[in-house]
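Colleague: I am new to this structure. Could you walk me through it, one short question at a time?

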Amino acid sequence: MPSLIEPKLIAGNANRNLANAVARRMSMHRGINVGLVDARVERFNDQEIFVEVFENVRGEDMFIIQPTSNPANDNLMELLIMADALRRSSAARITAVIPYFGYARQDRRTKARTPITAKLVANMIAEAGIERVLTMDLHAAQIQGFFDLPVDNLYASPIFALDIMHHFQDMSDVMVVSPDVGGVARARELAQRIGAPLSIVDKRREKAGEVAGMTIIGDVTGKRCIIVDDICDTAGTLCKAAEVLIENGATEVHSYITHGVLSGPAVDRIKKSVMKSLVVTDSIEATPETEAAENIRIVPTAPMFAQAILNIWNGTSVSSLFETQTLGPIYEGLYNAA
């Protein structure tokens, strides 16, 4: 049964642009002004985080929009402290909207005497009083099991499918490429959505961050290749994969990455690479350098997150957003030709 109260949004400092865009989309859907709750999230001189909420939130259905991207520790602490402030202010329910879930790559013990930090973060989120998590393209799907509370994991592939069909028009020579064996399921899903064949880049690492060699599984000769992955950090592997694809006969290489971490030399590498374009979502706020790069394009996630928040508030299905047919009308203004 729908709630009688309106959903209320509050945001930290991690991605204010996305939070404002979500609020605007919800205003369009609801036909009433949905703004961000007036609050201050700032730091004392010693960098301690302080949160003060200026509006009454007693009995309200609260949604905190806060990706835990770089600086991950600061943004995570902002999320936890905001949740604590809302809980102590008698909010009825607190949902954490975490477009990019930091520490997701530490989801298992790869060596002796190492932590499973993703589980620790899940425990901290639950302890802070958060009752539900809404995120997108978790690095490892099993992280949902680290939480003893509902987790809705949205997928970027329906958005990517709309974008690809809009920009590529003729799909006869398009091939989807997974940059490693671990991402095959993600790449296969997108390939099925757009009706394209699948290829795999098999990479061998000698140590973290360095690729020893790459082998292409599948014939990419004469193909326009689309590399699909969830995270692009320093872009070394991505740019190397693009080079190997061109060397093996691909005519063009494009990349669709959900979370553009793009740290260190990443943007410079991408600008100088053989990749024709890199498409990322706005789950992580883009730097001015990223926005200025000619071969990097950003697609919005606000329409999807706004609809997901409304579905959670209204008690309706979130998984309906996994379908391109459902998402198409939500992105109608962007992909009319799709």
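Colleague: Is Q66 buried or exposed?

Modeller: This is a predicted model, so the answer rests on computed values. Under 20% relative accessible area counts as buried. Q66 has a relative accessibility of 0%. That makes Q66 buried.

Colleague: Which side chain makes a polar contact with the side chain of Q66?

Modeller: Start with the place of Q66, which is the loop between β4 and α2 (72–88). Beyond four places in sequence, the contacts of Q66 include G12, N13, N75, L79 and P99. E78 is also among those contacts. The side-chain polar contact, at 3.0 Å, is with E78.

Colleague: Which peptide bond is cis?

Modeller: Look at P71, in the loop between β4 and α2. The bond leading to P71 has omega near 0°. It is the bond from N70 to P71.

Colleague: In what order do the five strands of the open sheet lie?

Modeller: The pairing in this sheet is parallel. Its edge strands, β1 (7–11) and β7, each pair on one side only. Neighbouring strands are turned by 20° against each other on average, direction ignored. The order is β1-β4-β5-β6-β7.

Colleague: How many bridges join β1 to β4?

Modeller: β1 and β4 (residues 61–65) run parallel. One place to look is I10, which stands opposite I64 in β4. The number of bridges joining these strands is five.

Colleague: Which strands of the sheet does α9 touch?

Modeller: Take helix α1 (residues 16–30) as a start: α1 lies across β1 and β4, at about 165° to β1. α9 packs on the sheet too, and its direction makes about 155° with that of β6. The strands that α9 touches are β1, β4, β5, β6 and β7.

Colleague: How many aromatic pairs are in the whole structure, and how many residues apart are the parts that F101 and F147 tie together?

Modeller: The search of the whole structure finds four aromatic pairs. F101 and F147 form one that is edge-to-face, with 6.0 Å centre to centre and 70° between the planes. F101 lies in the loop between β5 (93–98) and α3 (117–127), and F147 in the loop between β6 (132–136) and β7 (151–154), so the pair ties together parts that are 46 residues apart in sequence.

Colleague: Are F101 and F147 buried or exposed?

Modeller: The cut-off for buried is under 20% relative accessible area. On that scale, both F101 and F147 are buried.

Colleague: How many residues apart are Y155 and F322?

Modeller: Y155 and F322 form an edge-to-face aromatic pair, at 4.8 Å centre to centre and 65° between the planes. Y155 is partly exposed at 27%, and F322 is partly exposed at 22%. Y155 sits in the loop between β7 and α4 (157–168), and F322 in the loop between α9 (302–314) and α10 (324–330). The pair links distant parts of the chain, 167 residues apart.

Colleague: Why is β12 described as largely enclosed by the rest of the structure?

Modeller: Strand β12 covers residues 252–260. β12 pairs in the parallel sense with β11 (residues 224–232), over eight bridges. β12 also pairs in the parallel sense with β13 (residues 277–281), over four bridges. β12 is largely enclosed because its buried residues number nine of the nine.

Colleague: Which residue in β13 is the bridge partner of Y256?

Modeller: On the β11 side, I231 has H259 in β12 as its bridge partner. On the β13 side, the partner of Y256 is V279.

Colleague: Which helix does the chain pass through from β11 to β12?

Modeller: The β-α-β crossover from β11 to β12 is right-handed. β12, helix α7 (residues 266–272) and β13 also make a right-handed β-α-β unit. From β11 to β12, the helix is α6 (residues 236–247).

Colleague: What is the phi of L262?

Modeller: Y103, in the loop between β5 and α3, has a positive phi of about 70° although it is not a glycine. L262 lies in the loop between β12 and α7 and is buried at 12% relative accessibility. L262 is not a glycine either, and its phi is positive, near 45°.

How values were computed. Residues numbered from 1 in each chain as written. Predicted model: local features only at pLDDT ≥ 70, side-chain atom pairs only at ≥ 80, totals over all residues. Heavy atoms only, no water. Phe/Tyr/Trp six-rings, centres within 6.5 Å; stacked < 30°, edge-to-face > 60°. Helix = DSSP H or I, 4+ residues; strand = E, 2+ residues; numbered from the N terminus. Buried < 20%, exposed > 50% of the residue type's maximum accessible area, 1.4 Å probe, protein only. Pairing = 2+ DSSP bridges. Axes fitted to C-alpha atoms, helices over the stretch in contact; angles between N-to-C directions. Contact = heavy atoms within 4.5 Å. Polar contact = N/O pair within 3.5 Å; in protein donor to acceptor, adjacent residues only side chain to side chain. Right-handed = clockwise from strand over helix to strand, strands pointing away.
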